[in-house]
Amino acid sequence: MTKKKDPAKDTRRAISTPGDSPGFTIDRFPIVGMGASAGGLEAFESFFKAMPGDSGMAFVLISHLDPTHISILPELIQKKTQMKVHLITDGLQVQPNMIYVIPPNKDMAILNGALHLMDLPHPRGFNLPIDSFFKSLAQDQGASAVGIILSGTGSDGSLGLKQIKGELGMVMAQDEDSAKYAGMPRSAIATGLVDYVLPADKMPEALIKYTRHAIVKPRNKITADEEKCQKTLQKIYILLRTHTNHDFSLYKKNTIIRRVERRMHVHQIDNIQDYLTYLTQSEREVHVLFKDLLIGVTSFFRDPEAFAVLGEKCLPGLLADKPEGAMVRIWVAGCSTGEEAYSMAILLQECMEKMNRHFSVQIFATDIDPDAINIARSGLYPLSISADLDPIRLKQFFTKEENHYKVKKSIREMLVFALQDLIKDPPFTKLDIITCRNLLIYLGPELQKKLFPVFHYSLKPDGFLFIGSSESLGQETTLFKMFDRKWKIFKRQPGFSRANPILNLPVPASPEELPALKIPEAVRRAEEISSFKLVETILQESDTPPCVIIDEKLNIVYIHGRTGKYLEPASGKACFNILDMARPSLKTVLASAIRKAAIVKQEIVKKGVDIEDNGGYIRIDLTVKPVPAYGALRGMLMVVFKDSEKAKTKPKTPQKSDQKNHTVSRLEQELQYTKENLQTTIEELETANEELKSTNEELQSTNEELQSTNEEMETSKEELQSLNEESATVNAELQSRVDELSDANDDMKNLLNSTQIGTIFLDMDMNIRRFTDRVISLIPLAVSDIGRPVSHFATQLKEFHIADHALQVLKDLITQEFEVESRDGKFFRTRIMPYRTMQNVIDGVVVTFEDITEFKRFRLTAQRLSVIMNSRDAILIQDKNSAITFWNQGAADIYGYTESEALKMNIKDMIPKENRKESLAFIERAFTGKLFDSLETCRMTRTGKILKVWVMVLALRDERDMINGVVTIERLIKDE
């Protein structure tokens, strides 16, 4: 079966042509921030093993280090790379092809390409140095910034990645399978912003391709042909609308182009038309581009001064005119992952606490990104949000769980998160505040012009509009007036808006015509659908018991849950009046509660209401409350039925005859008795309430103590977490050092063994510290003998006591040498010298035994050879071919040939012809095994003179006992 090719990959391969050289300049090169924690050393080493030394990039390494431990990270990384590794000092200017490592106990930022060090706020607490540096890197380097997250625990770096992506930078994360600790990579990947997820050793190749394409190549290539570019963008808009149901054609063109260019750099695509082809073939890439277009760089209380102005100047005045318990409605448009919406809720809660008043708060937070809305609904955020929130708010409005913070229920219940497209979905109305920050800057002028009237329409007369500090109203200055110029807070101008929030409505010439305006049926129906969709969203997000919504005529217009136990269709003509459908025993209580709720406009609760049911009764809690006045829901009430306890069945009380008068009297007596019992019960209840109040105060005090203890434990847990990460980093560095020492120890052991010198190390007390294998032949040692005194062992050395001589060396600190003999006849040169540490401290002695047996034998041989060389007799050595291989001075004196001349000769050249046969036969007998023989014969000198000599011959044998030559001693026979 043929494997089907991925067309997207084929397109990328065909158009990816990175250059062979980096092509960066000294003032324009990528700066790569790399964050790691536990397990980061292995990831760093794998990365830099695969990264060339001339990539043209600079690398800044941020790791969670022990503040009290001197880091050896630069030294360890230097062994894996050709680039120079620097430990960062304050104000160090970043250069290409360099690696910079953060020192312990420091936070760091970058400004104009220079690294600046700052003290950590909590040396032994919860610090986020990676997030801090990534944010600084994004602000300083913009689109040239690159962030990489490697192995580590926790979530440090995840918020910083958002900043880098917001500046059109690139981010990478180590894949979880290859990471030793997957916490940090998993948190980064979960943001959905990571461009590449790769093992550490695969990252350099992708990084080099991306940086060469994004930085080296010209950036204006995409818009070189304006007409083609515009047509291609239109097709991209169509693809996005087809797959996501959202229209980006009215967004700012430059914003779209920058995001498209960034995706082209990720895939090394040069031509926008090729990228369009890639989009048509890859649905996943369409989704990724959609996510890139929606990147919301947000955080809790972003621009704290702006929120301070809102909380100190806007909210107090807005709330002052509202009655107790009134509704406050806020709309956060483009809420992204919810940080700003929760910030508004927290700010409103703080304002209510200061004013000592309570209001019913409803905050609608909307966005078009379903993933972002899901995150916002969960109310779960990484631990790194502590950098954006002060400790008081963090403690008051969040609960800390294992690896994240969770928004408290009191704040979460204020908000409703929903998917909404500002361009096509109807807006919320009767709002007190609308916040739409850092969204308008991405929208084109035409779309902005449509949105401001919609906001004006949605706000109440004194409502506020809160936009980003870099945004403006444009030409719509008649709709809003400036409230705070710096932070762009506006107040709604009175007057009727020209907005068409749903359809093209007829707009009256003046506000006075408003009462006569007839709302078209289509508008009314659309508003009704939107209203009930909101109700459905609220009920689905809450755990509301069975309930119904009734209009002003008490007709049921919406049913939630199973209501059959409480309501049943009335006989006769179909009717949805709640009183007609209520069970007989419920009607009176229900009518009273509805009437009272409609009058006071507040929630009315009736507890313990008994309802007849199948010969018995069930007890319920009945709640009637006004529905928030939104759209078609104005004036409606919600009736909630909640079982107060498990249904109990009792026999139905038999009916009494009402014909006898005494029955009335008895019932009156029973009623009086009941009133007396009720009064007694009330008094007992008041007493019980006092006791409960006292108990509650005690419990509150205990709760405060437990809360204080819990805070202390949380602080200790954070310190332990930080300590664990630092310990893991230190352990990795130390393990690397241990591995190096182990290798060095193995090298030293092999070196000592290869020298064939026996060595024994003794401490100051003459105990054995270490020894080599060679020494075992002299002293019978085993590994288990380490630590025992050397004097306990008998040696093979004759009349030599190691301990005595070693103690003398320790006393004199002078090296001593001895020549000693072993019992098996071998000779050793023994050297004893002091053992010195790296600090030049004497800590024992080193004893070495060098076998010199062969040396002594060679020396004896050399002495004998000297005697032979100086002998007056001629001494020659011949091989089997009679070639002369040795010639002494006596031979030179007798025969006149020098040694160099003789060694080129054959013995036949010196034998007269008449004596040659006899002499050669004589020598041949020696080669056959005859050890010694003698002969009187003649020799010829250099001058041709014939001399009589007495020749003695001796056979020479090699190590295999084979005869390989003969020695002849030739003495001159003098004439008498």
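## A tour of the predicted model

Start at the surface by selecting Glu683, Glu686, Glu690 and Glu691: together they form a patch of negative charge. Keep in mind along the way that this is a predicted model. Within that group, click on Glu690, which sits in helix α21, spanning residues 661-754. Glu690 counts as exposed because its relative accessibility is 55%, and exposed means over 50%.

Next, go inside. Select Ile99, a residue of strand β5, which covers residues 98-101. Ile99 has 0% relative accessibility, so it counts as buried. Now add Ile88 to the selection and draw a distance between the two C-alpha atoms: Ile99 and Ile88 are 11 residues apart along the chain, and their C-alpha atoms are separated by 9.4 Å.

Now for the cysteines. Pick Cys335, which counts as buried because its relative accessibility is 2%. Then pick Cys351, also buried, with a relative accessibility of 6%. If you are hunting for disulfides, you can stop here: the structure holds zero of them.

Finish with two loops and their backbone angles. Select Leu554 in the loop that links β21 (547-550) and β22 (556-560). Leu554 is not a glycine, yet its phi is positive, at about 65°.

The last stop is Asn840, in the loop between β29 (827-836) and β30 (842-851). Here too you will find a positive phi, near 65°, in a residue other than glycine. Turn on the surface to finish: Asn840 has a relative accessible area of 54%, so it is exposed.

Key
Residues are numbered from 1 along each chain as its sequence is written. This is a predicted model: local features need pLDDT of at least 70, side-chain atom pairs count only at pLDDT 80 or more; totals for chains, interfaces and linings use all residues. Side-chain values use heavy atoms; hydrogens and water are left out. Patches are made of residues with over 30% relative accessible area and no salt bridge: like charges are joined within 9 Å, nonpolar side chains (Val, Leu, Ile, Met, Phe, Trp, Tyr) within 5 Å. Accessible areas come from the Shrake-Rupley method with a 1.4 Å probe; for residues, only the protein chains shown count as cover. A salt bridge is a side-chain nitrogen of Lys or Arg within 4 Å of a carboxyl oxygen of Asp or Glu. Lys and Arg count as positive and Asp and Glu as negative; His and the chain ends are not counted. The place of a charge is taken as NZ of Lys, CZ of Arg, CG of Asp or CD of Glu. Helices (H or I, at least four residues) and strands (E, at least two) are DSSP runs, numbered from the N terminus. Buried means under 20% relative accessible area, exposed over 50%, partly exposed in between (1.4 Å probe, protein chains only). A disulfide is a pair of cysteine sulfur atoms within 2.5 Å.
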